Amino acid sequence: MFFLQNDLEIIEGRAMKFVREKETWFTITIDSSVQGQGKGSQLLNKLKEHEQSLNGWVIDHDSEIKQSGEIYNSPLPFYLKNDFLVYPEIRLEIPILSAAKITWQPK
């Protein structure tokens, strides 16, 4: 697991990878106050080290609502910018979430 901390040691983001059904999967969370500063890409690059692929789920639409009532903006453009491919036909569909599979492989 990797963490991003600021000078006050407040956690700004975290990322981890794990194996599920012989594939390496990941999860990443970045505080909204630091999004757009390259920190998410830094975490992804750490996760990519020594891996042949990474798999994840991404909400690929802007119709989800946060607990605060705000619209959740899909992070799909972020993952596309970081060389992930999206497979919209492979989906995670549960009552509270609809997401597409994303995969990264080194070039």
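How exposed is proline 106, by relative accessibility? At 39% relative accessibility, proline 106 counts as partly exposed; buried stands for under 20% relative accessible area, exposed for over 50%, and partly exposed for values in between, with a 1.4 Å probe and protein chains only. The model is a predicted one, in which local features need pLDDT of at least 70 and side-chain atom pairs count only at pLDDT 80 or more, while totals for chains, interfaces and linings use all residues. Residues are numbered from 1 along each chain as its sequence is written, and side-chain values use heavy atoms, with hydrogens and water left out.

**Overall layout**

The protein chain has two helices and six strands, in the order β-β-β-α-β-α-β-β from the N terminus. These elements are DSSP runs numbered from the N terminus: helices are H or I runs of at least four residues, strands E runs of at least two. Of the 107 residues in the chain, 34% count as buried. The accessible surface comes to about 7400 Å², and carbon and sulfur atoms hold 52% of that area; such areas come from the Shrake-Rupley method with a 1.4 Å probe, and for residues only the protein chains shown count as cover. Contact means heavy atoms within 4.5 Å. Among contacts between residues at least 6 apart in sequence, 48% join residues at least 24 apart.

**The largest pocket**

The largest pocket holds about 1000 Å³ of space. Its lining has 33 residues, of which Ile28, Gln35, Tyr72, Pro75 and Tyr79 are the closest to the centre. Two or more lining residues come from each of strand S3 (23-30), helix H1 (39-48), strand S4 (54-58), helix H2 (76-81) and strand S6 (97-104). S3 gives the largest share, five residues. By class, the lining has 17 nonpolar, eleven polar and five charged residues. Here Ala, Val, Leu, Ile, Met, Phe, Trp, Tyr, Cys and Pro count as nonpolar, Asp, Glu, Lys and Arg as charged, and the others, Gly among them, as polar.

A pocket is defined on a 1 Å grid over the protein atoms alone, as an open set of points where a 1.4 Å probe fits, with protein on both sides within 12 Å along at least five of seven lines; lining residues have an atom within 4 Å of a point. Grid points are joined across faces, edges and corners, and the volume is the space filled by probe spheres set on the points.

**Aromatic pairs**

Five aromatic pairs are found in the whole structure. In one of them, the ring centres of phenylalanine 26 and phenylalanine 84 are 5.5 Å apart and the planes meet at 40°, so this pair is tilted. Phenylalanine 26 belongs to strand S3 and phenylalanine 84 to the loop between H2 and strand S5 (85-94), so that the pair links parts of the chain 58 residues apart. Both phenylalanines are buried. Ring pairs also join Phe26, Phe78, Tyr79 and Phe84 into a cluster. Rings of Phe, Tyr and Trp (its six-membered ring) pair if their centres lie within 6.5 Å; planes under 30 degrees apart count as stacked, over 60 as edge-to-face and the rest as tilted.

**Individual residues**

The table gives the exposure of selected residues.

| Residue | Relative accessible area | Class |
|---|---|---|
| Lysine 22 | 83% | exposed |
| Histidine 50 | 78% | exposed |
| Glutamate 23 | 30% | partly exposed |
| Asparagine 55 | 3% | buried |

Lysine 22 is in the loop between strand S2 (11-20) and S3, and has a positive phi of about 65° although it is not a glycine. Histidine 50, in the loop between H1 and S4, is a residue other than glycine with a positive phi near 65°.

Proline 106 is in the segment after S6. From proline 106 to histidine 50 the C-alpha distance is 10.0 Å, with their positions 56 residues apart in sequence. Outside its neighbours within four places in sequence, proline 106 is in contact with Glu51 and Gln52.

Glutamate 23 lies in strand S3 and asparagine 55 in strand S4. The C-alpha atoms of glutamate 23 and leucine 54 are separated by 7.6 Å, and those of asparagine 55 and threonine 24 by 6.2 Å; each of these pairs is 31 residues apart along the chain. Leaving aside neighbours within four places in sequence, glutamate 23 is in contact with Phe18, Asn55 and Lys101. On the same basis, asparagine 55 touches Glu23, Thr24, Trp25, Phe26, Lys101, Ile102 and Thr103.
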